[in-house]
Structure formats: structure tokens, C-alpha cells
Amino acid sequence: MKISKKNQEILNHLNGIEINSIKYEGIVGIRKDYNNIHYVIQYGKIIDWLTTNNKINNLWDEYIFDEL
């Protein structure tokens, strides 16, 4: 599935940010690798790859909720 342009912009914004996530049950970080693929990291381990619009939207919603 191709990631939408809007979600690519969201990923660029989230890169390097920590989020208190309900889905991942704790604090997670968002990073990208040398191939520009973003992933979710927790306790120093990669726990998920952000390869779908749905995963990106869910994390964005949690980030916005946490910021408000």
C-alpha cells in the first residue's frame, strides 16, 4: 500500500518524537532508517514498521491526544 502524501508529511513531523501510546502500551519513539522507512522503537528495539496509512494515522491521533 502506498503511503499518502499527507502521511509522509506526518512521518517527517513525528521523526524523533516520543509518544505515550495506548496501542503499544507505553512510551515509543519514531525513527527512520537509511532507506527512509519509519519504524516504532521501544526499549531500544524495533517493535513495528510504519508502512500503512492506518498505522500512521493511529500514531498521529495518539500524538495529538497526548499534546492536548
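The largest pocket of this predicted model has a volume of about 160 Å³. Its lining consists of Ile3, Gln8, Leu11, Asn12, Asn36, Ile37, His38, Leu50 and Thr51. By class, 4 of the lining residues are nonpolar and 5 are polar, and no charged residue takes part. Helix H1, which spans residues 5–14, gives the most to this lining, with 3 residues.

One of the lining residues, Asn36, belongs to the loop between S2 and S3. Phi of Asn36 is positive, near 65°, in a residue that is not glycine. Most residues other than glycine have a negative phi. Asn36 has a relative accessibility of 48% and therefore counts as partly exposed, since the range for that class ends at 50%, above which a residue is exposed.

The strands form an open sheet of 4, in the order S1-S2-S3-S4, with antiparallel pairing. Strand S1 (18–21) and strand S4 (45–49) are the edge strands; each has a single partner strand, so one side of each lacks a neighbour in the sheet. On average, neighbouring strands of the sheet are turned by 40° against each other, direction ignored. Helix H2, residues 53–67, packs on this sheet and touches S1, strand S2 (26–32), S3 and S4. The direction of H2 makes about 90° with that of S1.

Strands of a sheet pair through backbone hydrogen bonds, either parallel or antiparallel. In this model S1 and S2 run antiparallel and are joined by 4 bridges. Ser21 has Gly26 in S2 as its bridge partner. The hairpin of S1 and S2 has 4 residues between the strands, and Glu25 in this hairpin takes a positive phi near 55°.

In a regular strand the side chains alternate between the two faces of the sheet. Such alternation is found along S1. Ile19 and Ser21 point to one face and are buried, whereas Glu18 and Asn20 point to the other face and are not buried. Ser21 thus appears both in the bridge to Gly26 and among the buried side chains of S1.

The pairing of S2 with S3 is also antiparallel, over 4 bridges. Across this pair, Arg31 stands opposite Tyr39 in S3. The hairpin of S2 and S3 has 5 residues between the strands, and the positive phi of Asn36, near 65°, falls within this hairpin.

Strand S3, residues 38–42, pairs with S4 in the antiparallel sense, again over 4 bridges. Val40 stands opposite Asp48 in S4. The loop between S3 and S4 holds Tyr43. Tyr43 is not a glycine, yet its phi is positive, at about 55°. The relative accessibility of Tyr43 is 75%, so this residue counts as exposed, the class that begins over 50%.

Key:
Residues are numbered from 1 along each chain as its sequence is written. This is a predicted model: local features need pLDDT of at least 70, side-chain atom pairs count only at pLDDT 80 or more; totals for chains, interfaces and linings use all residues. Side-chain values use heavy atoms; hydrogens and water are left out. Two strands pair if DSSP finds at least two bridges between them. Helices (H or I, at least four residues) and strands (E, at least two) are DSSP runs, numbered from the N terminus. Axes are lines fitted to C-alpha atoms, for helices over the stretch in contact, and angles run from 0 to 180 degrees between N-to-C directions. Contact means heavy atoms within 4.5 Å. On a 1 Å grid over the protein atoms alone, a cavity is a set of points where a 1.4 Å probe fits but cannot get out, and a pocket is an open set with protein on both sides within 12 Å along at least five of seven lines; lining residues have an atom within 4 Å of a point. Grid points are joined across faces, edges and corners, and a volume is the space filled by probe spheres set on the points. Ala, Val, Leu, Ile, Met, Phe, Trp, Tyr, Cys and Pro count as nonpolar, Asp, Glu, Lys and Arg as charged, and the others, Gly among them, as polar. Buried means under 20% relative accessible area, exposed over 50%, partly exposed in between (1.4 Å probe, protein chains only).
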